[in-house]
Structures are given as structure tokens and as C-alpha cells.
Amino acid sequence: MAENTAKCLLQVKAVKLNNEHPFTWASGRKSPIYCDNRVTLSYPEIRTFIRQQFVEIIRKHFPTVDVVAGVATGGIAQGALVAQELDKPFVYVRSEAKSHGLTNQIEGEIHEGQSVVVIEDLVSTGKSSLIAVDALRAKGCDVKGMVAIFTYELAVAQQNFENAKVELHTLSNYSALIKVACQEKYVSEKDQESLALWRQNPEKWSDDRM
């Protein structure tokens with residue numbers, strides 16, 4: 001599943017790799033990889049593949065959940081598709097409460113005591129993803145776990161999820177992506193070495209290119 005998903009992401013350029021001209025993340029850090037999984041929504045076959053992989057994971061690992069929650073904004077569309085397939089209620093969670101109107105952070109109807117699985121498109125450090133978990137727990141919900149399309153497999157993310165006691169499952173990951181990218185000649189062997197170094201220490205990799 002991880003390699004098949006990686007092929008899909010590379011095929012539609014949801015993931016871009018550029019070792020020579022790194023991308024700048026919102027944090028200001030440089031990275032040889034940029035991931036925008038929302039692109040997959042424009043391709044029905046791939047969109048359906050991702051939805052069904054989510055559904056299978058949820059049925060296997062979280063079979064008794066009451067509600068599906070999407071993380072705004074990347075997890076909203078896939079979350080709604082998954083909820084429809086599972087015939088479950090759907091809500092989505094903002095990064096913070098609105099400053100106007102009803103000042104909601106969670107949009108949709110959810111109640112204390114309900115069990116929830118969270119849908120995310122991308123996990124980097126896990127910080128923004130876990131904000132949604134905190135918001136749901138603050139409402140008295142039982143968050144069973146999170147399912148995401150892709151993870152960079154950064155050590156800090158693993159630690160953050162362990163600290164938060166959140167079970168994470170992903171359709172693909174950085175290791176599978178780089179393996180497929182090399183097999184399909186998206187990157188050279190030289191670039192593969194640099195991409196491996198980035199994952200080991202993204203801060204140093206970025207600082208070396210500032």
C-alpha cells in the first residue's frame with residue numbers, strides 16, 4: 001500500500017522533489033520535498049483509491065468509531081468522503097476557534113463521549129494534526145486514532161504522537177516515496193543520498209543551504 005500510494009502521489013505531482021532548488025516551508029526551513037495531497041482530489045481514480053485505503057484501515061483498527069473528523073483544511077474533503085462510505089457523521093476541526101460568529105473550532109455536531117477517528121492529509125512534525133486531537137478531547141470525545149495519507153517519518157513527529165497517546169496509521173511514508181522515486185527515475189542516486197540526509201536531520205540540511 002505504501003509504495004502504491006507513493007506512485008499515485010508522484011504520478012499527479014502531489015509530491016515534488018527538487019534537491020537542487022529546495023522548497024521553503026512556512027517555518028522558513030528549506031526542504032527538498034514539498035507535498036500537497038489536495039491535488040489528488042482532482043483525479044477520481046486516485047481520490048477513490050485513497051478513500052478506500054482509509055476505509056480499510058479504519059474498519060481494521062477503529063471499527064467502532066462514532067464520528068469521522070477531518071483536520072482543516074487538507075483533511076476535510078477526504079474525511080467527508082470516508083464518512084460517507086462508512087455511513088458515519090462528519091465534523092472538521094480548525095487550527096483555532098473562529099474569531100467571529102459562533103467562534104467554533106469544531107464544525108459540525110459532536111457530543112461528549114463519542115469516539116472519533118481523525119483524517120489528515122499530511123504529517124510533518126505532527127503539531128498541527130495534534131491540535132485537532134486536543135480540541136476533540138476538550139469536547140469530551142474519545143479519539144481512537146488518526147489516519148493520514150503521508151508522513152515524512154520525522155523523529156519529532158513520532159515522539160509527539162507517542163506523547164499525545166495517539167495511534168497513527170498512514171497510507172504512505174517518506175521511505176516508500178524515496179524508494180519509488182528512485183525506481184521510477186524521478187531522482188538520481190546522488191539525490192537519494194541527499195534526501196536521506198534531510199530526513200535524518202532536516203534542520204542541519206536546511207541550515208547548510210541558507
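Helices (H or I, at least four residues) and strands (E, at least two residues) are DSSP runs, and both are numbered from the N terminus. Residues are numbered from 1 along each chain as its sequence is written. The model described here is predicted, so that local features need pLDDT of at least 70 and side-chain atom pairs count only at pLDDT 80 or more, while totals for chains, interfaces and linings use all residues; side-chain values use heavy atoms, with hydrogens and water left out.

**The open sheet**

Two strands are said to pair if DSSP finds at least two bridges between them. Six strands form an open sheet of mixed pairing, and their order across the sheet is S7-S6-S5-S8-S9-S10. The edges are held by strand S7 (106-107) and strand S10 (168-173), each of which has a single partner strand, so one side of each is left without a neighbour in the sheet.

Within this sheet, strand S5 (residues 67-71) and S6 run parallel and are joined by four bridges, and the bridge partner of Ala-69 is Val-91 in S6. A residue is called buried under 20% relative accessible area, exposed over 50%, and partly exposed in between (1.4 Å probe, protein chains only). Along strand S6 (residues 90-93) the side chains alternate, with Val-91 and Val-93 pointing to one face and buried, whereas Phe-90 and Tyr-92 point to the other face and are not buried.

Strand S8 (residues 115-123) and strand S9 (residues 142-151) also pair in the parallel sense, over eight bridges. Ser-115 stands opposite Asp-142 in S9, and Leu-122 has Phe-150 in S9 as its bridge partner. Strand S9 is largely enclosed by the rest of the structure, because eight of its ten residues are buried.

**Two helices side by side**

Two packed helices are described by the angle between their axes and the distance between the axes. Axes are lines fitted to C-alpha atoms, for helices over the stretch in contact, and the angles run from 0 to 180 degrees between N-to-C directions. The axes of helix H4 (residues 127-138) and helix H5 (residues 155-164) come within 11 Å and cross at roughly 10 degrees. That makes H4 roughly parallel to H5, given that angles under 35 degrees count as roughly parallel, over 145 as roughly antiparallel, 65 to 115 as roughly perpendicular and the rest as oblique.

Contact means heavy atoms within 4.5 Å, and in this sense Ser-129, Leu-130 and Arg-137 in H4 meet Asn-160, Phe-161 and Ala-164 in H5. By class, the contact of H4 with H5 has three nonpolar, two polar and one charged residues, where Ala, Val, Leu, Ile, Met, Phe, Trp, Tyr, Cys and Pro count as nonpolar, Asp, Glu, Lys and Arg as charged, and the others, Gly among them, as polar.

**Backbone details in loops**

Ala-72 and Thr-73 are joined by a cis peptide bond with omega of about -5 degrees, and Thr-73 lies in the loop between S5 and helix H3 (76-86). Two lysines with positive phi are set out below.

| Residue | Phi | Loop | Relative accessibility |
|---|---|---|---|
| Lys-13 | about 60 degrees | between helix H1 (2-11) and strand S1 (15-17) | 56%, exposed |
| Lys-165 | near 55 degrees | between H5 and S10 | 71%, exposed |

**Cysteines**

A disulfide is a pair of cysteine sulfur atoms within 2.5 Å, and a search of the whole structure finds zero disulfides. The sulfur of Cys-8 is 13 Å from the closest cysteine sulfur, in Cys-35, which is too far for a bond. Cys-8 counts as buried at 14% relative accessibility, and Cys-35 counts as buried at 8%.
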